[in-house]
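Me: Could you take a close look at one part of this model with me? I'd like to follow a single strand and its partners.

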Amino acid sequence: MKPVTRPPPRRAELPPTPHRPAPYDGPSRDQALALRREYLTPALLTLYREPLCLVQGKMQYVWDDTGRRYLDAFGGIVTISVGHAHDTIVERIRDQVGKLCHTTTLYVHPAAGQYAKALADHFPDGSDLKVTTFTNSGSEANEVAVLTARVATGRFDVIALRNGYHGGMHATMGLTGQGTWKYPVPQGFGVHHVAPGYCYRCPFGLTYPSCDLRCAHDVAEQIRFGSPGEIACFIGEPIQGVGGVVDPPPEYFKIVYDIVRRHGGLCIADEVQTGWGRTGDHFWGFENYGVVPDIVTLAKGMANGAPLGACTTRPDVAQHMTQRLHFNTFAGNPVSMIQGLTTLEIIDAEGLQENARRVGGHLRDRLLELQERHPLIGDVRGKGLILGVELVDDRVPKSPATAATADVLEMTKTRGLLLGKGGYDGNVLRITPPMCITRADADFLADCLDEVLTELESRNP
Ligand SMILES: Cc1ncc(COP(=O)(O)O)c(C=O)c1O
């Protein structure tokens, strides 16, 4: 058979930037690594085989200790919404740190209320999602959410999704539906994991739409056979991020929320990765599915990199938490509040949701076009600027291309592109850049992937 000849891929060029970081004269990567190896827990992970030491950032770009620039298409794991070291954030945080760094919610400071109001104004009209408990991370936010649901309903059982990720603390490890993130310790009391809406690898071996959403309807069976018949809550990410950017069919959450509510449960949307306009068409991930949750959890991109999380619910639900004392020392501190509020204001003022829709749509089209030419690409998923590319060694058994995915990460890094990785088998490229990226950045990303996949496929034709 004649070998298939393909046009050579377009040469990937990192777009120019006017930003020049100040010369870096701190410790080198090797010095930083030596300190880390000796003094930090050995349980820490690094994304790259050759660890990368990032020391500066400006908007969608970051620089390593040698002065090399990269397009940050992972966004510090979806934490950078508006761009690294955004001028307005830098200015406001400097100002706040100079005034007051920390005070607890035992005292009153205007910033927490102002930010909570701004959040409430961003939830859908009529949802009554307006009262917020601030935390310092997404794990804490999910802890508060499930605790609130249990206290409010007086029930215990929780439905969570297989392949979901909700945090690494005791309770949230129990909610997380991936064995790789679970230590062999008692966790997950009362948590029942049900099938996700993962069409590319349907847990029931069916095909959408003839499947009639078996995965969603199965929640009723799980409640019937695995719980006392009434539950406290359901928790799910609108798009599973760590699980490999898994976005269920449009009807999925409507069916699930309806079943959960018929069994007395509250619905929690874990918006830690999907909020803030990232999905493009909507501000919140859940809005893509036409549902309104009872409780929403937030973190990561909400404060553009500052350690901040939140759990927002309706006043009638939150009222139940007054039964006991509940407190979190750093939560609601003015520095985090100003950073969160400023991030939200910038997302609106700079039209970043619309940019996520436009640039994300263009990037998705380019990835779909790559899928036609590259057998390694099994599936392209996601919305706006939360996109996933699942790599497979063979399209028919869909064998996860775990090693090739790791190679893609290394090879794109050497070309100036930082991607993320996810999925249970580590075979999904995760693309979640700061929402300020441009069409030229998106083209660079796609060209870079084209080049790297071509090289990998030529090694194993
Ligand atoms: C969807 C989701 N929820 C919760 C968490 C936990 O957040 P944190 O690491 O801030 O505790 C994560 C972290 O990756 C996440 O992706």
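How many bridges join E12 to strand E16, and do they run parallel or antiparallel?

Reply: Happy to! Keep in mind that this is a predicted model. Four bridges join E12 to E16 (residues 428-431), and the two strands run antiparallel. One pair to pick out on screen is Gly388, which stands opposite Arg430 in E16.

Gly388 is also a good place to turn to another partner, since Arg381 stands opposite Gly388 as well. Arg381 brings us to strand E11 (residues 377-383), which is antiparallel to E12 and joined to it by six bridges. E11 and E12 form a hairpin with two residues between the strands, and in this hairpin Gly384 takes a positive phi near 55 degrees.

Now for the pairing with E13. Strand E13 (residues 399-400) pairs with E12 over two bridges, in the antiparallel sense. Here Val392 has Pro400 in E13 as its bridge partner. The hairpin of E12 and E13 has four residues between the strands, and Lys398 is the residue there with a positive phi near 55 degrees.

And what about the burial of E12 itself? The strand spans residues 386-394 and is mostly covered, with seven of its nine residues buried. When you look at the side chains, a general point may help: in a regular strand they alternate between the two faces of the sheet.

To put the picture together, E12 pairs antiparallel with E11, with E16 and with E13.

Note on methods: Residues numbered from 1 in each chain as written. Predicted model: local features only at pLDDT ≥ 70, side-chain atom pairs only at ≥ 80, totals over all residues. Buried ≥ 20, exposed ≤ 12 C-beta atoms within 10 Å, placed from the backbone. Pairing = 2+ DSSP bridges.
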